[in-house]
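Q: I am new to this structure. Please take a close look at a single part of it and walk me through what is there.

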Amino acid sequence: MSEKIETYRDAVVRIKNAVLQSRYRAASAANAEQLNLYFSVGGYISVNTRSGKWGSGAIEAISQQLQTELPGLRGFSPTSMKSMRLFYEEWSDVIRPLATDELPLGTNRQLLTADLESANGPTGPAIANAVESEDFAAFLRVGFTHHRQIIAKCKDLDERWYYIKRCAAEFWSVEALKSHMRARDYQHSGGLPNNFTLTLPDEHTAARAVRSFKDEYLLDFINIEDETDPELIDERVVSHEIVRNITKFIMSMGRGFTFVGENHRVIFDEQEYFIDILLYSRDLRCLVALELKSGGFKPSYLGQLSFYLSALDELEKMPDENGSIGLLLCKKASKSTVEFAVRDYNKPMGVAVYKAAEDVPEQYQSLKPLIDGVQGILSEENEVDSAAPSQ
């Protein structure tokens with residue numbers, strides 16, 4: 001009987017995985033089809049409006065008539081149609097279809113999903129050589145509203161590709177994307193001052209560790225309003241705020257981190273020691289000890305963190321795990337000072353700074369609702385979202 005139960009369980013797992021994979025492929029195909037539609041419609045609108053062929057007010061009139069012809073049609077408001085035009089125009093230098101004042105139909109409409117191997121051939125649309133097939137696959141997996149946000153916030157092409165690939169790999173929601181762009185992940189990724197190349201076993205592992213951390217974290221969910229010297233603020237207050245908002249904190253850390261505990265206790269030589277926050281990195285397969293400092297960086301902090309890493313490796317590291325990594329989070333730090341201070345330690349450590357809510361300039365705090373899209377534009381985005389497959 002037990003063998004049959006195991007057989008049934010195995011069958012359930014296999015069928016469930018097949019169902020989930022099928023749903024994912026269907027959603028991906030639907031998303032790619034939608035991007036094809038919006039890209040081709042955007043190109044059609046662009047050619048006809050930029051040439052002056054249609055005249056002013058054409059998009060509004062067409063949108064209104066579409067609602068009459070197709071009652072309940074969503075995603076084709078004037079704002080959305082202008083976004084389709086922008087989508088086409090912003091990517092047409094990278095993904096180059098044949099511009100036409102006629103809307104392509106049938107197989108010719110597949111401007112984005114043509115076979116990449118023949119994309120530069122005489123019968124296929126010309127896709128710029130700079131677009132690798134893996135990057136292009138990521139492009140097709142990202143929803144239109146995500147693309148709208150990326151186009152609006154990122155003018156640099158490399159930065160756009162960075163967020164597109166992160167969205168595709170990590171299944172970011174639109175709100176998660178906004179949060180990562182607000183934190184300027186692209187500018188801060190890979191810049192952490194550290195000693196990883198000196199302390200980790202090989203260059204590949206060191207490079208992965210560098211990519212896993214940023215040199216600055218936006219923790220705008222932390223509110224610490226204190227009139228006294230920031231150096232005097234108890235780090236436990238910062239730690240408590242982080243743990244109270246642990247989901248937002250993990251999201252700000254990036255992919256593959258899980259929360260282990262706050263004030264994690266280790267006992268060595270009959271003495272108790274407490275690590276502010278302990279995480280685990282699935283990508284690096286190691287424990288990550290976070291020490292929080294409400295003031296500026298001091299070289300002496302590294303000695304304490306190095307001791308914690310030694311204790312974790314001796315007492316808690318599993319045989320199949322890699323050595324623990326330490327991250328010191330301060331309100332301010334000089335990169336050159338950190339690099340000088342950390343280089344002689346034999347434990348892998350890095351130092352990053354963080355910004356709390358009170359560190360965001362007042363003019364940006366007042367604009368935050370607009371940046372987050374909770375004003376009138378949100379209704380247009382929701383209109384597109386409802387027509388798009390969920391990410």
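A: Here is a close look at one helix, with some background before it and one loop residue after it.

The model is predicted. The protein has 16 helices and 8 strands. Of its 391 residues, 44% are buried. Take the contacts with a separation of 6 or more: 68% of them join residues 24 or more positions apart. The accessible surface is about 21000 Å², and carbon and sulfur atoms hold 52% of that.

Now the helix. Helix α2 covers residues 58-69, which is 12 residues. At 1.5 Å a residue, α2 should span 16 Å. Its end C-alpha atoms are 16 Å apart, so the expected span and the model agree. The buried residues of α2 are Ala58, Ile59 and Ser63. Seen down the helix axis, these buried residues fall within an arc of 130°, so they line one face of α2. Gln64 and Thr68 lie on the other side of α2, and they are exposed.

Last, a residue in a loop. Asn195 sits between α8 (185-188) and α9 (196-199). Its relative accessibility is 1%. Buried means under 20%, so Asn195 counts as buried. The side chain of Asn195 reaches the backbone oxygen of Val342 at 3.3 Å. Leaving out residues up to four places away in sequence, Asn195 touches Val342, Arg343, Tyr345, Lys347, Pro348 and Met349.

Methods
Residues numbered from 1 in each chain as written. Predicted model: local features only at pLDDT ≥ 70, side-chain atom pairs only at ≥ 80, totals over all residues. Heavy atoms only, no water. Helix = DSSP H or I, 4+ residues; strand = E, 2+ residues; numbered from the N terminus. Expected span 1.5 Å × (residues − 1). Buried < 20%, exposed > 50% of the residue type's maximum accessible area, 1.4 Å probe, protein only. Arc of directions from axis to C-beta. Polar contact = N/O pair within 3.5 Å; in protein donor to acceptor, adjacent residues only side chain to side chain. Contact = heavy atoms within 4.5 Å. Areas by Shrake-Rupley, 256 points an atom, 1.4 Å probe, with all protein chains shown as cover.
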